[in-house]
Amino acid sequence: MARPLKSNTRSLILTGMATTAAISLLDPDALGATRRLPPAGRLRRVGRIDVIEVEAKSILNRVAGMPFAWSVNPYRGCIHGCVFCYARRSHGYLEDDGVGRWSSRLYAKVNAAAVLRAELAKRTWRRETVSIGTVTDPYQPIESRYRLTRAILETLRDAETPVRIVTRSPLIVRDLDILRDLAQRAGAHVSVSIATMDAALAREIEPTVAPPLRRLQAVRALAGAGIDVSVALAPILPQITDAPEQIESVIAAAHEAGARHVWHGALHLHDVTRDAFFQFLRKTRPHLIARYAQLYRGKYAPRAVRDEIDARVTRARAALPKQRVAQIAPRGDAQLSLLL
Ligand code: SF4
């Protein structure tokens, strides 16, 4: 049951200090974000944020070409306001402003768990993997009030359906109990996004996300509980977060914290994400505008730039010793996995 927000609650913004987003590495088009008019709902004003509570008619979205078959998004919009967020485009699908309103107008699907429970009860449900939060962060600060992600996890656990979660938020540790159950009954994978270990730089590019060290603590807690956890080193921003020592520091920290794997991806710029990112450059790094305009004539950086980033990641991984840790297997016992 979603707990309603109290109007004018400042702690909503403050709890935003603890938060996630690799999901936004993915293309909203491929993840079930459909173009439609903004849904009607009840508006709650919380500090500088508008939260629109809506009733979803359906919640499971079919996904193609991904390592999961379905996605669920309890929210639209994200208070974290990452300058590189690819999911901003999904606000455009609601004829909303993906640059200026992405982090200040949020949609909360308050009946998400009830709708999901009905969809999973259908005889046609095959218990395929469901990814939570593909076009938003499912553990952004309003989750501490609405608890929609937790209710969705409980529903998936009861239906013995495997789950994947991508987040930048340490708030996920709150749900360790359910994640352990899910890991034993069906399978659970968590990916925590860390783009840089430099706290000041992180604050610039992911304004209200918890500092990198707090996210690493979440990785450590998840790994310690036997959850299959990886770190998303993403997106890597050319000439901002792509120096070899920057990449090495994230990979070494992920390894030390017990992440089983590190995956990465170079920045791509498209649609409103391009507008938001160049707005960021104009404010903070005007000297890089010409370089980025040259690199991003299209959606992706040139192949040579991406290859060099791949090579740096490969070298950083290769420098680390392999290690084995216990991890919960879906049948309920523990198994050993080779890390990184
Ligand atoms: S945390 Fe939120 S704003 Fe940041 S990339 Fe993820 S969805 Fe986008």
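Angles under 35 degrees between helix axes count as roughly parallel, over 145 as roughly antiparallel, 65 to 115 as roughly perpendicular and the rest as oblique. In this predicted model, two helix pairs can be described in those terms.

The axes of helix α9, which spans residues 244-257, and helix α12, which spans residues 303-318, cross at roughly 45° and come within 9 Å; α9 and α12 are therefore oblique to each other. Their crossing is right-handed. On the α9 side the contact involves Pro244, Ile247, Glu248 and Ile251, which meet Arg312, Val313, Ala316 and Arg317 of α12. Sorted by class, the contact of α9 with α12 holds five nonpolar and three charged residues, with no polar residue.

Helix α3 (residues 112-120) and helix α5 (residues 148-158) pack with their axes 9 Å apart, at an angle of about 20°, and α3 and α5 are therefore roughly parallel to each other. The crossing of α3 and α5 is right-handed. Here Ala112, Ala113, Leu116, Arg117 and Leu120 in α3 meet Leu148, Ala151, Ile152 and Thr155 in α5, and the residues of this contact divide into seven nonpolar, one polar and one charged.

The geometry of both pairs is set out below.

| Helix pair | Angle between axes | Axis distance |
|---|---|---|
| α9 (residues 244-257) and α12 (residues 303-318) | roughly 45° | within 9 Å |
| α3 (residues 112-120) and α5 (residues 148-158) | about 20° | 9 Å |

Terms used: Residues are numbered from 1 along each chain as its sequence is written. This is a predicted model: local features need pLDDT of at least 70, side-chain atom pairs count only at pLDDT 80 or more; totals for chains, interfaces and linings use all residues. Axes are lines fitted to C-alpha atoms, for helices over the stretch in contact, and angles run from 0 to 180 degrees between N-to-C directions. Helices (H or I, at least four residues) and strands (E, at least two) are DSSP runs, numbered from the N terminus. A crossing is left-handed if the near helix is turned anticlockwise from the far one by less than a right angle, and right-handed if clockwise. Two residues are in contact if their C-beta atoms, placed from the backbone, lie within 7 Å. Ala, Val, Leu, Ile, Met, Phe, Trp, Tyr, Cys and Pro count as nonpolar, Asp, Glu, Lys and Arg as charged, and the others, Gly among them, as polar.
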